Amino acid sequence: MTFVAGLTLGRRFHDEVLAPILRRRLPGLRYAAGLLDGGSELLGLDTPRSTDHDWGPRGQLFVAASDAARIPHLSAALDADLPAEFLGWPARFTGTGRLGVADRAGSRHGVTIHELGGWWRDRLGFDPAAGVATADWLATPTQRLAEVTGGEVFHDDLDGALTRARAALVWYPDDVWRHVLAAAWTRVAQAEHLPGRCAETGDDLGSRVVTAGLARDLMRLGLLLRRRWPPYDKWLGTLFARLPGAAPVVAALADALGPGDWRQREDGLVRALAAVAAWTDDTGLVAPVRARPRPFHGRPFLVLDAGRVAAALRAAIADPALRERPPLGAVDQYVDSVDLLTHAHRARRIAAALPVPADGAT
């Protein structure tokens, strides 16, 4: 079969199969539809390799709360009428997981049906139609924001409710953005001297491990600075390399992670640090710091001294309660568990447990 990008396949499946069934079976039904629930195709990064699991003609169908009682009838209509294949691709599945294994004799199709507000609450832990508070931003992993603002809406006949909700999640408010960036630079500041110290004691492997962690943090930071939601690690390097002006940073990080000795590693790392610091200056969120590498105290290795960038960002936050929060940022900046970050209510419980200033929570 000829590979068809997942978003193209989903749109055609809606336009050519799903929509005609709905017009015939439930005339007058107001609904929204799209592909927003995860997967490489939402970022336009699916390839023929992606088709071996959890992939095929699929999408999500959304109805208003007033039509939630019709979902069982709607589900039965789709179960009866959706075909076994579309454009040569199986549209029925067996097995476990979101879709399981493609199988023309399978009993399950790839269209899920939801009441719109309930889907948002399940996916993010809140409904953006009611507004997005600071606590909502900070409790939501960037991968989830990448998914729900990526993908594609195929139809929105709910007075534009799905489209408006996605628009509300396009990017952080400036103060939240400053807080998240300050947290990212704080992470860098806490580790940037360690590769040199490890190398100095003869721990070359430890030096490389810490350098790799800094490279990951810098790629996530670079995406945030360019107003792109950092994805999960599989696509982090791919999306970072596509950013405007990323090529010198990619080259510097390649040197830092390459087979060279510590001095070559240090040179690549400080070039990358200085470049991403300049990106921070370019945002206009804070007066330019113009941070350049400098010795770490009296020790014979260079750092950016990234804490000064973090401090400048925190000082520029207008909301005093947010400014006084611990410099931890969003939940996926201090938690790295897939089993937590892929469950909105778990992530929100963790985020809600953090201390907040005594004079008020944000």
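Helices here (H or I, at least four residues) and strands (E, at least two) are DSSP runs, numbered from the N terminus. With that settled, here is a walk through the chain, which is a predicted model: local features need pLDDT of at least 70 and side-chain atom pairs count only at pLDDT 80 or more, while totals for chains, interfaces and linings use all residues. Residues are numbered from 1 along each chain as its sequence is written, and side-chain values use heavy atoms, with hydrogens and water left out.

**Overall picture**

The chain has 16 helices and 10 strands. Its C-alpha trace spans about 75 × 50 × 30 Å along the principal axes. Of the 362 residues, 50% count as buried; buried means under 20% relative accessible area, exposed over 50%, and partly exposed in between (1.4 Å probe, protein chains only). Contacts are heavy atoms within 4.5 Å. Among contacts between residues at least 6 apart in sequence, 68% join residues at least 24 apart.

**Pocket and cavities**

Now for the empty space. On a 1 Å grid over the protein atoms alone, a cavity is a set of points where a 1.4 Å probe fits but cannot get out, and a pocket is an open set with protein on both sides within 12 Å along at least five of seven lines; lining residues have an atom within 4 Å of a point. Grid points are joined across faces, edges and corners, and a volume is the space filled by probe spheres set on the points.

The largest pocket comes out at about 820 Å³. It has 35 lining residues, and the closest to its centre are Gly 39, Gln 143, Glu 147, Tyr 232 and Thr 342. Helices H5 (142–149), H9 (204–225), H10 (233–241) and H15 (338–341) are the elements that give two or more residues to this lining. H5 gives the most, with 4 residues.

For the make-up of the linings, Ala, Val, Leu, Ile, Met, Phe, Trp, Tyr, Cys and Pro count as nonpolar, Asp, Glu, Lys and Arg as charged, and the others, Gly among them, as polar. Here is how the linings split:

| Lining | Nonpolar | Polar | Charged |
|---|---|---|---|
| Largest pocket | 10 residues | 10 residues | 15 residues |
| Largest cavity | 5 residues | 5 residues | 1 residue |
| Second largest cavity | 6 residues | no residues | 2 residues |

The whole structure holds 2 cavities of 30 Å³ or more. The largest has a volume of about 50 Å³, and its lining includes Phe 13, His 14, Arg 58 and Phe 154. H1, strand S1 (32–35) and S2 each supply at least two of its lining residues, with H1 giving the most at 4 residues.

About 40 Å³ of space lies in the second largest cavity. Glu 192, Trp 262, Glu 266, Leu 269, Val 270, Leu 273, Leu 302 and Val 303 line that one. H12 and strand S10 (302–303) each give two or more of these residues, and H12 has the largest share, 5 residues.

H12 covers residues 262–282, and Ala 278 sits in it. Ala 278 is partly exposed, with a relative accessible area of 29%. Ala 278 and Ala 291 are 13 residues apart in sequence and 7.6 Å apart in space, C-alpha to C-alpha.

**Helix H2**

Helix H2 (residues 71–81) has Ile 71, Leu 74, Ala 77 and Leu 78 as its buried residues. Seen down the axis of H2, these fall within an arc of 125° (taken from the directions from the helix axis to the C-beta atoms), so they line one face of the helix. An α-helix has 3.6 residues a turn, so residues three or four places apart point the same way. On the other side of H2, Pro 72 and Ala 80 are exposed. The cover over the buried residues of H2 includes helix H1 (6–25) and strands S2 (58–63), S5 (92–94) and S7 (108–115).

**Aromatic pairs**

Rings of Phe, Tyr and Trp (its six-membered ring) pair if their centres lie within 6.5 Å; planes under 30 degrees apart count as stacked, over 60 as edge-to-face and the rest as tilted. A search of the whole structure turns up 11 aromatic pairs. One of them joins Phe 62 and Trp 119 edge-to-face, at 5.0 Å centre to centre with 65° between the planes. Phe 62 lies in strand S2 and Trp 119 in helix H3 (residues 116–124), so the pair ties together parts that are 57 residues apart in sequence. Both Phe 62 and Trp 119 are buried. Elsewhere, Trp 137, Trp 171, Tyr 172, Trp 177 and Trp 229 form one aromatic cluster.
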